[in-house]
Amino acid sequence: MNNAIAHYDLVIVGAGLVGASLACAIAQQKDAASLRIALVEAGSESQEFSGEHFDPRVVALTQASQELLHKIGVWDEIVRVRACAYSDMHVWDGEGTASIHFNCAEVRANHLGHIVENSVILHALRKKITQYSQITLIQPARVVALNNGSGVEMTLDNGDLMSTNLLIAADGAQSKVRELADFETREWDYGHKAIVTTVQTELPHQATAWQRFMRTGPLAFLPLPSVNQKHFCSIVWSAELELADELMRLSDAEFCMRLGSAFEHKLGNVLHSAERFAIPLRQRHAKTYIQPHIVLVGDAAHNIHPLAGQGVNLGLLDVAALAQEIERALVRKIPLNDFSILRRYQRQRLAGNLMMMSAMEAFKRLFGSNSLMLTWLRNSGMRQLNSITELKKIIVKAAMGLH
């Protein structure tokens, strides 16, 4: 326990993908060499996976996210360890006959994105953090109290005291900083759980991200690298609560059979499933991302349905925007906590995040409906969309995080 107050120019709470990326994005700036940055993380070191063992948590990184990670200087390390590029997306309506196929050639790209395990990205970021003397990683430690006055004073669960002019909350959907600072949120339960795991399939995934929409929720098969000539996918099965609980009670063999049937055996039989995890889904959006001296990023600001795999990508767009504003402040010698800096960040990110969240909610309602008329309209619309090349290009570019 240390009763002296340690002061930092900025404190980032949460050293996950978003918080660690932000720390690196700030520290690499030429005017940030003298900054004192604290990175406070509640968890312990993340597990490493190799061979036929994959992290059940994966990210479908867009090209925009890849560019940010390349700029930070970790992308080559991520690719060296393990990443799977995908060139195609195949989406179809499980209650009808329509489907849409997207291919990277339609926008003259080499790929649409990469599926990467969370732990691979995180270990690359942690390795990069050690190269910056201005970053102090404090782990494991939790913020248990804070006081926001002329600056922010915090108490950690080990009794240490900290103060800062700018506190950045990157501590996830259950953000303690957001709660302690009394940020208001709009939130509701989806009535779904997301079942995530890694599966081995009989046939190769064809460098394709597959998604089937069903009334009970969407099912995604995301491509992973082959190992020892075995084919692997990460799955995210968003299912209504009763169905999700039923699926979690099944034996591995029974689950593989149900999963293969739900996926219409697009990749042959599902041969094996790793341990399954069920995550309750809740949508949450902070009414504002900023207060004097405090700013929210990533899931602390917005938590979105996983059906489009955009959660981490939205968080990394937050990182790019906030890092740019902090760089602007450093170059112009403006205090980092100047409210104009925080307002500019919020203007860039709040409306876009809200639009994406609204679109995902509309999508969920559209595909979750029992209405025969909506099913017909859905299928008719998908068939028309699949035939309009220019509109598909716009959608593909949006999915890649490009304008």
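**Close-up views of the predicted model**

**Figure 1. The salt bridge between Arg-126 and Glu-45.** Arg-126 counts as buried because its relative accessibility is 12%, under the 20% limit. The model shown here and in the other views is predicted. Arg-126 forms a salt bridge with Glu-45, and the closest N and O atoms of this pair are 3.4 Å apart. Arg-126 belongs to helix H4 (residues 118-129), whereas Glu-45 sits in the loop between S3 and strand S4 (58-61), so the salt bridge ties together parts that are 81 residues apart in sequence. In total, the structure holds 19 salt bridges.

**Figure 2. The salt bridge between Arg-282 and Asp-189, and the network around it.** The side chains of Arg-282 and Asp-189 meet at an N to O distance of 2.7 Å. This pair links distant parts of the chain, with Arg-282 in strand S19 (residues 277-286) and Asp-189 in strand S14 (residues 185-201), 93 residues apart. Arg-282 has a relative accessible area of 26% and is therefore partly exposed. Asp-189 counts as exposed, at 55% relative accessibility. Both residues belong to a network of salt bridges in which Glu-187, Asp-189, Arg-282 and Arg-284 are linked.

**Figure 3. The salt bridge between Glu-325 and Arg-344.** The closest N and O atoms of Glu-325 and Arg-344 are 2.8 Å apart. Glu-325 lies in helix H8 (residues 311-332) and Arg-344 in helix H9 (residues 339-367), so their salt bridge ties together parts that are 19 residues apart in sequence. Glu-325 is buried, with a relative accessible area of 2%. Arg-344 counts as partly exposed, with a relative accessibility of 30%.

**Figure 4. An open sheet of 6 strands and the helix across it.** The strands follow the order S9-S3-S2-S13-S21-S20, and their pairing is mixed. Strand S9 (135-138) and strand S20 (290-291) stand at the edges with a single partner strand each, so one side of each is left without a neighbour in the sheet. S9 pairs with strand S3 (residues 37-40) in the parallel sense, over 4 bridges. Within this pairing, Leu-39 has Leu-137 in S9 as its bridge partner. Helix H1 (residues 17-27) lies across strand S2 (10-13), S3, S9 and strand S13 (167-169). The helix runs at about 170° to S3.

**Figure 5. The surroundings of His-231 in strand S17.** Strand S17 spans residues 231-240 and includes His-231. The relative accessibility of His-231 is 18%, so this residue counts as buried. Apart from neighbours within four places in sequence, His-231 is in contact with Val-199, Gln-200, Thr-201, Glu-202, Leu-203, Pro-204 and Ser-226.

**Figure 6. The surroundings of Gln-66 in helix H2.** Gln-66 has its place in helix H2, which covers residues 63-72. Gln-66 counts as buried, at 16% relative accessibility. When neighbours within four places in sequence are left aside, Gln-66 is in contact with Trp-75, His-111 and His-114.

**Figure 7. Ile-304 in the loop between strand S22 and helix H8.** Ile-304 follows strand S22 (302-303), in the loop between that strand and H8. With a relative accessibility of 12%, Ile-304 counts as buried. The C-alpha atom of Ile-304 is separated by 8.5 Å from that of Leu-281, a residue 23 positions away along the chain.

**Figure 8. The protein chain as a whole, with the stretch 371-379.** The mean pLDDT of the chain is 87, and 85% of the residues reach 70 or more. Over residues 371-379 the pLDDT is below 50, and this stretch has 12 contacts in the model beyond near neighbours in sequence. The secondary structure of the chain comes to 11 helices and 22 strands. Of the 403 residues, 53% are buried. Among contacts with a separation of 6 or more, 77% are between residues 24 or more positions apart. The chain exposes about 18100 Å², of which carbon and sulfur atoms supply 52%.

Key: Residues are numbered from 1 along each chain as its sequence is written. This is a predicted model: local features need pLDDT of at least 70, side-chain atom pairs count only at pLDDT 80 or more; totals for chains, interfaces and linings use all residues. Side-chain values use heavy atoms; hydrogens and water are left out. Two strands pair if DSSP finds at least two bridges between them. Helices (H or I, at least four residues) and strands (E, at least two) are DSSP runs, numbered from the N terminus. Contact means heavy atoms within 4.5 Å. Axes are lines fitted to C-alpha atoms, for helices over the stretch in contact, and angles run from 0 to 180 degrees between N-to-C directions. A salt bridge is a side-chain nitrogen of Lys or Arg within 4 Å of a carboxyl oxygen of Asp or Glu. Buried means under 20% relative accessible area, exposed over 50%, partly exposed in between (1.4 Å probe, protein chains only). pLDDT is the predictor's confidence in each residue, from 0 to 100. Accessible areas come from the Shrake-Rupley method with a 1.4 Å probe; for residues, only the protein chains shown count as cover.
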